[in-house]
Amino acid sequence: MPAKHSLMSPYNPLLKLGLCLSLVFSACQTDKVAPTGDSGSGAGPKIFRPDGTPAAGARVQLVPVDNNPKPGLAKEAAGVYKLETNADGKYDLTGVPAGQYNVFSAQGDFVALQDSVRVNDGPATIKNDTLALPGTLSGFVALQPNHNSNSALVQLLGTTVYTNVGEDGRFEIGGLAAGSYAAVISTSLSDYSALFTGFSIKAGARTDRKDTLRPPYQGVPLVTGLHVAMIDTVNSRVKIAWNPSRRTDLLGYAVLRDSLNAPRIQGQPINRSRLTDTQYVDTLGSMFSGGVPEQAWEYRVIVQTKSGKFGEWFESVGVRVPPPSALMTIVTVTPKAPTLRLGESGQIIAVFSSPYRKISALTWTAHGMRAGEDPTRPTLLPYTDTLKIVRYASAAGSGADTLRYTAGLIPETVSLVCVATNDAGIDWPADIRIDVVHTPPAVQVSPDTIVMPGTVLHLRGRGTDMFGKPTKLEWDIGGTGVFVPTARGDTDVTVPNHMFKLFPCILRVTDEYGGLILNRVLKKSFRYPENGFELAKSV
């Protein structure tokens, strides 16, 4: 919380927002009180209320412009005068020594300020003034990050007002009359000098000082803003960066590195040459000897002055760097070498993982493949077109992708490559082979037998297909060239009574791919034996 200070008492270090300067006058019991002039005469300055009427009974305080309010004292510095206006709003300066003063006026909730006015030994030269609502001042004071901001003090010169800064560096002063103020920011800590600045206050408004107020520090400053700017795991490099130092006699920076895998060792700086830049690249490739799986480091940066002094360190950053051998991306595809029949659909699943890298893209590349109407379902072609499908990963270190495809209508082999690209631009491939095959249907028939003329013979035929299924089984009885479909491959035939040497019976099996090279024919022939017809061997 920002520290506040009350104008009610010099003993109170908190200044409460909205209190007006009229309360100051009742707090300073030892102030010099100048005599008040007659209410109906005298040529003194006059105080008016906001509505233009005389501010009778208003309190007026004259503070030397060089007055520096001191906290903890029982009274303000010598030379502060308290007056009061008469019924006409006038106040008499009789008894006020010549000098340069800030004149504060207050009545009720309203205040006014005339800064740097001259009071002469002769007639008064102070102009009339009009009261208005008070304003508020706030700001931020920064010391070295390891120093307590509460030790800082904001003092408004030429007033009786001061306030301590809060632990968060904020301060706030309320009840200020509109006008310009000179201020000094100081601290009780060593190696600091006072910062002189100024503020401008508007009536009834809040003035928030945007810039940070930094009392000059003569000690060796701390390094702030330390962070890891880059980790190059491919080349085992780490870049750290920090904010520049404001030290005018800066010689350079010293970078310290400690292993987090062992107790801290306060070693020598790792930068061998003078470092004036606000970043440092540490190459760690030599640290990965002996199969070390991972290195963990802590970095600190300190300031070195031209006089040879080293500052203290304030903050550190830790980083874990894997060895190059641990940076590979593993891509596993399933199935590795799928076999498809003609026109069949399938899919390949690629699973990728990288413990230290993000995967930015996954690319499928194939020869003999082109995209169909659905780009996620490419079609295998009987010619060497090249298809490339790129999927962009969601910056993940692991995941999976599925490629769906449809086989063509002739047997072929397609080479496919799945490549995972990590955020370092390195490709990790996996090879896949897709075989598109067609095995002709196989035929099974009843065994050979010997029959007599006029015998009714039952022929049994069956067809199988490894990657398809038979759709038609047809018999040609007698070699006429006419194939008659059967329901299941079974048919009855009557053996002719006339003499002949060959009586062919042909079974044709056709699978679901129709009239390509898919027919298989089995010929059964009969011959005339001594005791009848004998079924010949299959051809």
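**Exercise 1. Work out the strand order of the three-stranded open sheet, and say which strands stand at its edges.**

Solution. In this predicted model, the order of the 3 strands in the open sheet is β11-β8-β14, and their pairing is mixed. Next, look at the partners: β11 (170-176) and β14 (206-208) each have a single partner strand, so one side of each lacks a neighbour in the sheet, and these two are the edges. On average, neighbouring strands here are turned by 15° against each other, direction ignored.

Now take one pair from this sheet. Strand β8 (residues 135-140) runs parallel to β14, and the two are joined over 3 bridges. To find one of these on screen, start at Thr 136, whose bridge partner in β14 is Arg 206.

**Exercise 2. Do the same for the open sheet of 4 strands: find the order, the edges and the twist.**

Solution. Begin with the order, which is β10-β9-β12-β13, with antiparallel pairing. The edge strands are β10 (162-164) and β13 (195-201); each has a single partner strand, so one side of each is left without a neighbour in the sheet. From one strand to the next, the twist averages 25°.

Then zoom in on a pair. Strand β9 (residues 152-157) and β10 are antiparallel partners over 3 bridges. Here Val 154 of the model faces Thr 163 in β10.

**Exercise 3. Describe the surroundings of Thr 305: is this residue buried or exposed, and what does it touch?**

Solution. First place the residue: Thr 305 belongs to strand β19 (residues 295-305). Its relative accessible area is 0%; buried means under 20%, so Thr 305 is buried. Leaving out residues up to four places away in sequence, Thr 305 touches Val 220, Arg 247, Asp 249 and Leu 251. Finally, check the side chain: a polar contact of 2.9 Å links it to the side chain of Ser 307.

**Exercise 4. Ser 116 and Asp 191 each have a positive phi; for each residue, find the angle, the location and the exposure.**

Solution. Start with Ser 116, a residue other than glycine with phi near 55°. Ser 116 sits in strand β6 (residues 110-119). With a relative accessible area of 40%, Ser 116 is partly exposed.

Move on to Asp 191, where phi is about 70°, again positive although the residue is not a glycine. Asp 191 is located in the loop between β12 (179-187) and β13. Its relative accessibility is 42%, and the partly exposed class lies between 20% and 50%, so Asp 191 counts as partly exposed.

Key. Residues numbered from 1 in each chain as written. Predicted model: local features only at pLDDT ≥ 70, side-chain atom pairs only at ≥ 80, totals over all residues. Heavy atoms only, no water. Pairing = 2+ DSSP bridges. Axes fitted to C-alpha atoms, helices over the stretch in contact; angles between N-to-C directions. Buried < 20%, exposed > 50% of the residue type's maximum accessible area, 1.4 Å probe, protein only. Polar contact = N/O pair within 3.5 Å; in protein donor to acceptor, adjacent residues only side chain to side chain. Contact = heavy atoms within 4.5 Å.
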